[in-house]
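Q: Could you take a close look at one part of this model for me? I would like a connected walk through the listed active-site residue and its surroundings.

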Amino acid sequence: SQRTLVLLKPDTVRRGLVGEVLGRFEAKGLSIVAMEFRTIDGETADQHYAEHVERDFYPPLRDFVTSGPLVALVLEGDEAIEVVRALNGATDGRKALPGTIRGDLSLSNRENLVHGSDSPESADREIKIWFPDLP
Ligand code: ATP
């Protein structure tokens, strides 16, 4: 079994889609190991998106992820990292396939509702940022 760090970004909260999105992960069979509703500051955003801080798209992404409360989660299950990314769909909601969270619910490449760790190394790094006390 594997753990992954998932964010239900501020657009998910603002649009009232927390139940819908969380329900998809639960229905798939993933377990919630940790969950927190909070608003992050810019420094936490920079830590989380360390690999993107120099990119052109980062400043508006930083504003977006700090714009209101989000839900941070650790989900666990067999191949959880790959399973979550498949459920999330392609980064750009306009291109993501129907049946995926982004494909069904997002029309944007920034406000794309969810984040999921992209590798075991990223999952370890991100879980430590968001849930430093998680055993
Ligand atoms: P995530 O890491 O959030 O699961 P991802 O792996 O599909 O998404 P990344 O390439 O890691 O996408 O980009 C991280 C986030 O940055 C995206 O989820 C999206 O919110 C934003 N983003 C990525 N590319 C763009 C872009 N070209 N324009 C605007 N925002 C972007």
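A: Happy to, and let's come at it from the residue just before the strand. This is a predicted model, and in it Leu 113 counts as buried because it has 25 C-beta neighbours inside 10 Å, where 20 or more are needed. Leu 113 sits in the loop between H6 and E4. Its backbone is worth a glance too: Leu 113 is not a glycine, yet its phi is positive, at about 75 degrees.

From that loop we step into strand E4, which covers residues 114–116 and holds His 115. UniProt, in an unreviewed entry, lists His 115 under "active site". His 115 also counts as buried, because 22 C-beta neighbours lie inside 10 Å of it. Setting aside residues up to four places away in sequence, His 115 touches Val 6, Leu 7 and Lys 9.

Val 6 is a good residue to follow next. Beyond its neighbours within four places in sequence, Val 6 is in contact with Val 114, His 115 and Gly 116, and also with Leu 73, Leu 75 and Val 84. Val 6 is, together with Leu 75 and Val 114, among the residues that touch the most other members of the largest nonpolar core, which has 24 residues. Strands E1 (2–8) and E3 (70–77) each give two or more residues to this core, and so do helices H2 (18–28), H5 (80–88), H6 (101–105) and H7 (120–130). The most comes from E3, with 5 residues.

Now for the ligand. His 115 and Gly 116 are among the residues around it, along with His 52, Phe 57, Leu 61, Thr 91, Asn 109, Arg 110, Asn 112 and Asp 118. By character, this shell divides into 6 polar, 2 nonpolar and 2 charged residues.

For a contrast with Leu 113, look at Glu 79, in the loop between E3 and H5. Glu 79 is another residue that is not a glycine but has a positive phi, here about 50 degrees. Glu 79, however, counts as exposed, because its C-beta neighbours inside 10 Å number 11, and 12 or fewer is the limit for that class.

To place all this in the chain, the unreviewed UniProt entry lists residues 1–135 as "domain: Nucleoside diphosphate kinase-like". Over that range the chain is 41% helix and 19% strand, with the end C-alpha atoms 15 Å apart.

Methods. Residues numbered from 1 in each chain as written. Predicted model: local features only at pLDDT ≥ 70, side-chain atom pairs only at ≥ 80, totals over all residues. UniProt positions renumbered as here; feature names shortened; annotations may be inferred. Helix = DSSP H or I, 4+ residues; strand = E, 2+ residues; numbered from the N terminus. Near = placed C-beta within 6 Å. Nonpolar A, V, L, I, M, F, W, Y, C, P; charged D, E, K, R; others polar. Core = buried A, V, L, I, M, F, W, Y, C linked by C-beta atoms within 7 Å. Contact = placed C-beta atoms within 7 Å.
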